[in-house]
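Subject: The structure for you, with notes on its salt bridges

Hi there,

Here is the structure I promised to pass on. Please have it open while you read, as my notes follow below it.

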Amino acid sequence: MLRRNFVKSTLGLAGAAVAANDAFAGQQAPTAKNQFKLKYAPHFGMFQNKAGKGVIDQLKFMAANGFMALEDNGMMGRPVQEQEAIAKEMTRLGMQMGVFVVDKGGNGANTLAAGKQEYIDIFLNGCKKAVEVAKRVNAKWMTVVPGDFDRSLPIGVQTGHVIDALRRGAEILEPHGLVMVLEPLSDTPNLFLRTSEQTYEICRGVNSKACKILYDIYHMQKNEGRLIYNIDKTWSEIDYFQIGDEPGRKEPTTGEINYKNIFKYIYDRSKKENKSFIMGMEHGNSQSGAEGEDALIKAYVESDAFKV
């Protein structure tokens with residue numbers, strides 16, 4: 001499922017959302033059916049058969065089932081009143097806001113690799129608007145995709161252009177304590193950002209706490225594999241994780257990725273270093289209807305059942 005489909009589905013629903021901090025189960029509501037070790041973040045629409053179409057009801061269902069975070073790629077496109085309602089309900093529930101996508105015109109569009117001022121301006125405008133949305137919904141992280149390759153330019157020049165543009169974005173976000181997380185993707189080979197080591201290099205070049213890695217486990221399984229190895233090597237620049245099994249981009253246990261082992265690695269290392277992460281559930285449901293939503297919850301219960 002491509003990001004544009006997630007955005008489309010999230011904008012088609014209606015609303016409530018945010019706060020809470022730690023990534024571990026100690027912060028969960030004691031009445032939740034499941035006490036997860038990590039903070040998993042569904043998106044709107046994932047439980048609409050069980051909870052109903054209204055986003056307030058969906059938030060209540062998420063929290064009642066132990067999902068104490070939310071991500072909403074299309075948050076910037078929601079009406080202000082709905083954003084405020086989401087934030088208010090999430091605060092009441094003790095839920096934390098995960099990523100939304102900085103609007104720069106689509107994953108491949110207005111590429112920062114080209115170094116064109118008009119594209120940079122679109123990106124920086126998106127960052128400025130994102131600051132206001134983040135304040136409204138108590139968000140810290142926002143997803144940035146630099147765009148496609150500009151194959152008329154040498155790769156080093158493109159990389160320099162991306163770093164220069166991201167530094168300017170970081171100057172907007174850092175004073176507010178916000179973080180743009182760069183997401184390498186597998187959707188098409190035309191996208192400039194493809195691997196975790198490339199993203200690590202760019203983050204080190206930007207050299208700002210406002211520019212970090214969004215490590216999407218699904219995309220990185222497709223593009224590079226060796227998941228725990230690469231998470232380890234790029235760990236210092238990772239600020240956010242997303243989940244999806246391969247093939248199919250559905251919930252854990254439906255494909256080839258050993259999510260129980262990966263979750264254990266992230267949990268153990270995070271505890272040791274006093275770090276925390278939101279684990280964004282940016283995937284579809286492998287089965288339709290209420291039965292599919294039950295199966296999804298069961299898959300997370302199983303994958304989170306690692307020994308500590």
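By the rule I used, the count comes to 13 salt bridges. Please keep in mind that this is a predicted model. I have picked out a few of the pairs for you.

Let me start with Lys37 and Asp304. These two form a salt bridge, and their closest N and O atoms lie 3.9 Å apart. The cut-off for a salt bridge is 4 Å, so a pair at 3.9 Å still counts. The pair links distant parts of the chain, with the two positions 267 residues apart. Lys37 sits in the loop between α1 (3–11) and β1 (39–41), while Asp304 belongs to the segment after α11 (289–303). Asp304 has a relative accessible area of 3%, which means that Asp304 is buried.

Next comes Arg249, which forms a salt bridge with Glu282; here the closest N and O atoms are 2.8 Å apart. This is another link between distant parts of the chain, the two residues being 33 residues apart. You will find Arg249 in the loop between β8 (238–242) and α10 (259–273), and Glu282 in the loop between β9 (278–280) and α11. Both Arg249 and Glu282 are buried.

Glu82 and Arg78 are worth a look too. Their side chains meet in a salt bridge, at 2.8 Å from N to O. Are these two residues buried or exposed? Glu82 is buried, and Arg78 is buried as well.

Finally, there is a network of salt bridges that links Asp232, Lys233, Arg269 and Glu273.

Best wishes

How values were computed: Residues are numbered from 1 along each chain as its sequence is written. This is a predicted model: local features need pLDDT of at least 70, side-chain atom pairs count only at pLDDT 80 or more; totals for chains, interfaces and linings use all residues. Side-chain values use heavy atoms; hydrogens and water are left out. Helices (H or I, at least four residues) and strands (E, at least two) are DSSP runs, numbered from the N terminus. Buried means under 20% relative accessible area, exposed over 50%, partly exposed in between (1.4 Å probe, protein chains only).
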